[in-house]
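Me: Could you take a close look at one part of this model for me? I'd like to hear about the open sheet, what packs on it, and the charged pairs around there.

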Amino acid sequence: MRHFINGIEIAPKNLTEIGVVSTFTDDPDILSLSVDSVILPREGKDIVQNHIQNVGLFEGIPYSVQMNDGVTIEYYIDLLDGVKVRQHEIEVNLKKRKSKDNFFERARGSSFDLLKEKGVQFTSHDVPYFVIKDNQFETSLQLAIMTYIIGDALYSQALATATAINNLVEVSSPIFGLASPPFVGITISYNVAGIIVASLNVVLQLIYYGLLIILLIDLATQLILTIMPPKRKLKGTYVREIMEKCCAYFGYTFASDLLDAHPYWAIVPVPLIKDRKSLWDILPDEIFPVFNSEVPSSSDTTPTIMTFIEGLETMFNARTIVRDSEVRLERRDWLQEQTSLQLEPALNLQSERDDEFSYNTEETWKRYYIHYQTDFQDLHTADGNTYDKSDTELSTEETFPVTNDDLVTIKGLNDVNIPFALGSRKDKLNWLEKSAKNVLGIIDTLTGIFGGGTNFEAQIDSRKDCLQISQQYFGVTKMIYGQSGAVKPGEIIQTESDFNNIVSAKSLWDKYHYINAIQNNDYIIRENVRIRISSSNFVSLLGNNYALIDGKLCEILRLEWIDEKSFAQISYKEPFDWADGKVQTIVINE
């Protein structure tokens, strides 16, 4: 290997101890050195000290390592991390440029509000919703009382108006009599005063009836605003949009076969805006403004970029891979599907000319529990189909003949705690809305008597095909799935099929987590196995940590190569099928 500082070749004092390590376990560090620090004598020491004198300690120094086949690994000297200056040498710590560590450190220290402050713009979409409160009984009682009062008032006024009209008809009848001499015949006269009084009475009754109709319309309007408020919209943003914009801000590109297969995962952040009015100061017609952010805020369950990524990893049984300035979010076995090499390892206990392996028994489990969050500020997440679909529990059960029940050692809980809540679907009218529809239909009929009536019944009919929440303020970031415009133009609406077959916890098991069933995940582990490979094969393994070893597709867990010593050392998982036919996975609830 050749080492360079700012393009100038130098020779570290501990050169023969420096190798290249690739780790592919939980947090894949695809390419790094086998040492954290290097010791730089002479020219290397002078370069570092000149940089400190002229620039200072707050900017790192570019450091690169070139392998024999020309592959270059880009590092930097972190001058704020333990520089040790001696008389003839300097010891410095190296960190990978554009690496997993670099990306994750920045993601942990960055919020979405910071990115927005720096000018990052996230494209959001409308998510329609209704507030369906949990006081349905009280509301139905109010509706019944209102119906009675309206019906009684209109009935009484209708009788009074009919009586007035009847009186007018009576006083308007002609009065017949005999003409006084010298005239002969029958005379006809009218009670003009009575007609005037009766007419005024009818007019007054009709005016009062009209006022009742106006009050009825206003009451119905207030009923819809307060008891059954109209459809409103929150902001929702696709997961892929968030990941792409965040990665671009940090100087990376983003790719994901996982999200390519199902691209319409979206989050709805919690409603929160600074300087809003108190709930007690908001007038009825000011209620329910659109005031959530398009990305998580400090009040969401994933307030930083890193917690958001970790939430996705948990949800999708995924891992984040960072390499060559590219960030990938993939199911944990994604690399297995890539091109593989064939390797011939030696015995891993060279001194004893023996072989050694262990079983991956630490990955066994008795219970596997996948669950979204239950948001008790939004009781729809704890009710009905939404609650049923929000979790699933599975169990590993033995299929072998058991001799001693008390010696069965299948144990452990794999708790997949997703930091998002399911968005509850409203796909039909509830029983209260159906009752209100009848009442409001009567109002539409009554107001239509005079022409240009109301259309409240149609508004009730439209109360479906959207998100439903029990109150305006909820506390857990929601996860939904839907293509914008697929149901209604410009809106993200979850369909029943997507909700049941993609979003539900059981669907997450079927698509992403089933590979964790121990009968699908039974391996033996061989550690520190020496192997001779070419530099080109080593570079190929850096892009794909699966290889054919003794005819079996194995997962490389760790790979270390010291070209100065002309050998590589690997730890890997080899398929062994030690659980096949011994256990099965059963679904306890879906």
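Reply: Sure, let's start with the sheet itself. In this predicted model, 10 strands make up an open sheet with mixed pairing, in the order 23-24-10-13-15-25-22-20-21-30. The edges belong to strand 23 (425-426) and strand 30 (583-589): each has a single partner strand, so one side of each is left without a neighbour in the sheet.

Go inward along that order and you get to strand 15 (residues 265-268) and strand 25 (residues 478-481), which pair in the antiparallel sense over four bridges. If you want a spot to zoom in on, try tryptophan 265, which stands opposite tyrosine 481 in strand 25.

Two helices that pack on the sheet touch both of these strands. Helix 6 (residues 239-249) contacts strand 13 (232-238) as well as strands 15 and 25, and its direction makes about 55° with that of strand 13. Helix 12 (residues 496-503) touches strand 15, strand 20 (367-373), strand 22 (413-422), strand 23 and strand 25. Its direction makes about 115° with that of strand 25.

Now for the charges. Glutamate 491 and lysine 233 form a salt bridge, with 3.4 Å between the closest N and O atoms. Lysine 233 sits in strand 13, while glutamate 491 is in the loop between strand 25 and helix 12, so this pair, 258 residues apart, links distant parts of the chain. The two ends don't get the same label for burial: glutamate 491 is buried because its relative accessible area is 7%, under the 20% cut-off, whereas lysine 233, at 32%, is partly exposed.

There's another pair to look at, this one between a helix and strand 17. Aspartate 257 forms a salt bridge with arginine 328, and the closest N and O atoms are 3.2 Å apart. Since aspartate 257 lies in helix 7 (residues 257-261) and arginine 328 in strand 17 (residues 326-331), the pair ties together parts that are 71 residues apart in sequence. Arginine 328 also meets glutamate 326 in a salt bridge, at 3.7 Å from N to O. As for cover, arginine 328 counts as buried at 10% relative accessibility. Its two partners are partly exposed: aspartate 257 has 39% relative accessibility, and glutamate 326 has 23%.

Elsewhere, Lys13, Arg86, Glu89 and Glu91 are linked in a network of salt bridges. The count for the model comes to 24 salt bridges.

While you have the model open, have a look at a nonpolar patch on the surface too. Val203, Leu204, Ile207, Tyr208, Leu211 and Ile214 form it, and together they have about 590 Å² of accessible area. One of them, leucine 211, is found in helix 5 (residues 192-226) and counts as partly exposed, at 45% relative accessibility.

Finally, some context for the whole chain. There are 14 helices and 30 strands, and buried residues make up 45% of the 590 residues. Of the contacts with a separation of 6 or more, 74% come from residues 24 or more positions apart. The chain exposes about 29,200 Å², with carbon and sulfur atoms supplying 52% of it.

Methods:
Residues numbered from 1 in each chain as written. Predicted model: local features only at pLDDT ≥ 70, side-chain atom pairs only at ≥ 80, totals over all residues. Heavy atoms only, no water. Patch = residues over 30% accessible without salt bridge, like charges linked within 9 Å, V, L, I, M, F, W, Y side chains within 5 Å. Areas by Shrake-Rupley, 256 points an atom, 1.4 Å probe, with all protein chains shown as cover. Salt bridge = Lys/Arg side-chain N within 4 Å of Asp/Glu carboxyl O. Buried < 20%, exposed > 50% of the residue type's maximum accessible area, 1.4 Å probe, protein only. Pairing = 2+ DSSP bridges. Contact = heavy atoms within 4.5 Å. Axes fitted to C-alpha atoms, helices over the stretch in contact; angles between N-to-C directions.
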